[in-house]
Amino acid sequence: MIDELYSARILKLAANLPHSGRLAAPQGTGERVARLCGSRAVVDVALDAEDRVAAFAQDVKACALGQAAAGVLGESVIGATLEEISAARDAMSAMLKAGGEGPRGRFEGLRALEQVAGYPARHASTMVAIEATLDAMRQALARKGPDTRTSLAGAA
């Protein structure tokens, strides 16, 4: 069963980590750690005038599942809004914990991790990159001030 979890597709996603590293001048930075396994993601973002991700960098130290989720995120995050990332996180969580269909649209690639649902101990490592990205987005939007076009309400 563990071979099914670490499929060739998951391993390929894990090996490809787009936007690896750190931004020189991020507007927001988020960090998350999965307590059970120690998987860690540090994410930097910079936003454009419409509060979309203009620049993104991630430093991820995680198992293959966490790396795979970060790989999908890195492929799709440029141009995303806080609402899109939050919706993807919610759909991912529902997929892992409640049999949901998983994310749609730009983050649909996260559905490749559907089989992780059967391994609750792996859920947190699979979520660290997207949670860190949300934290970075919220920080960037807060720094922009109250006139930002994207609402922070309900994004937590």
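How many bridges pair strand 2 with strand 3, and in which sense, parallel or antiparallel? Select residues 40–47 for strand 2 and 53–61 for strand 3: they pair in the antiparallel sense over eight bridges. Strands pair here if DSSP finds at least two bridges between them. Helices (H or I, at least four residues) and strands (E, at least two) are DSSP runs, numbered from the N terminus.

Before going further, a word on what is on screen. This is a predicted model, where local features need pLDDT of at least 70 and side-chain atom pairs count only at pLDDT 80 or more, while totals for chains, interfaces and linings use all residues. Residues are numbered from 1 along each chain as its sequence is written, and side-chain values use heavy atoms, with hydrogens and water left out.

**Stop 1: the strands**

Stay on strand 2 and click Asp-44; its bridge partner in strand 3 is Ala-57. Now follow the chain into the hairpin, where five residues sit between strand 2 and strand 3. Pick Asp-51 in that loop. Its phi is positive, about 65°, although Asp-51 is not a glycine. That's worth a pause, because most residues other than glycine have a negative phi. Asp-51 is also buried, at 0% relative accessibility. Buried means under 20% relative accessible area, exposed over 50% and partly exposed in between (1.4 Å probe, protein chains only).

Next, add residues 28–33, which are strand 1; strand 1 pairs with strand 2 in the antiparallel sense over six bridges. Here Glu-31 stands opposite Val-42 of strand 2. These two strands form a hairpin as well, with six residues between them, and Gly-38 in the turn has a positive phi of about 85°.

Step back along the chain to His-19, in the loop between helix 2 (8–15) and strand 1. His-19 is another residue other than glycine with a positive phi, near 60°. Unlike the buried Asp-51, His-19 is partly exposed, with a relative accessible area of 35%.

**Stop 2: helix 5**

Select 123–144 for helix 5. Helix 5 has 22 residues and reaches 32 Å from its first C-alpha to its last, close to the 32 Å expected at 1.5 Å a residue (that span is 1.5 Å times one less than the number of residues). Look along the axis at Ala-129, where helix 5 bends by about 35°; the bend is the angle between axes fitted to the seven residues ending there and the seven starting there. Of the 22 residues in helix 5, 17 are buried.

Zoom in on Ala-136, which lies in helix 5 and is buried at 0% relative accessible area. Then add Gly-28: the C-alpha atoms of Ala-136 and Gly-28 are separated by 4.5 Å, with their positions 108 residues apart along the chain. Just after helix 5, Gly-145 takes a positive phi of about 100°.

**Stop 3: the cavity**

What lines the largest cavity? Select Ala-69, Leu-73, Met-92, Leu-110, Thr-126, Met-127, Ala-129 and Ile-130. Helix 5 gives the most to this lining, with four residues. By class, the lining has seven nonpolar, one polar and no charged residues. (Ala, Val, Leu, Ile, Met, Phe, Trp, Tyr, Cys and Pro count as nonpolar, Asp, Glu, Lys and Arg as charged, and the others, Gly among them, as polar.) The space inside is about 50 Å³.

A cavity is a set of points on a 1 Å grid over the protein atoms alone where a 1.4 Å probe fits but cannot get out, and lining residues have an atom within 4 Å of a point. Grid points are joined across faces, edges and corners, and the volume is the space filled by probe spheres set on the points.

Terms used:
1 Å grid on protein atoms, 1.4 Å probe; cavity = no way out; pocket = protein on both sides within 12 Å on 5 of 7 lines; lining within 4 Å.
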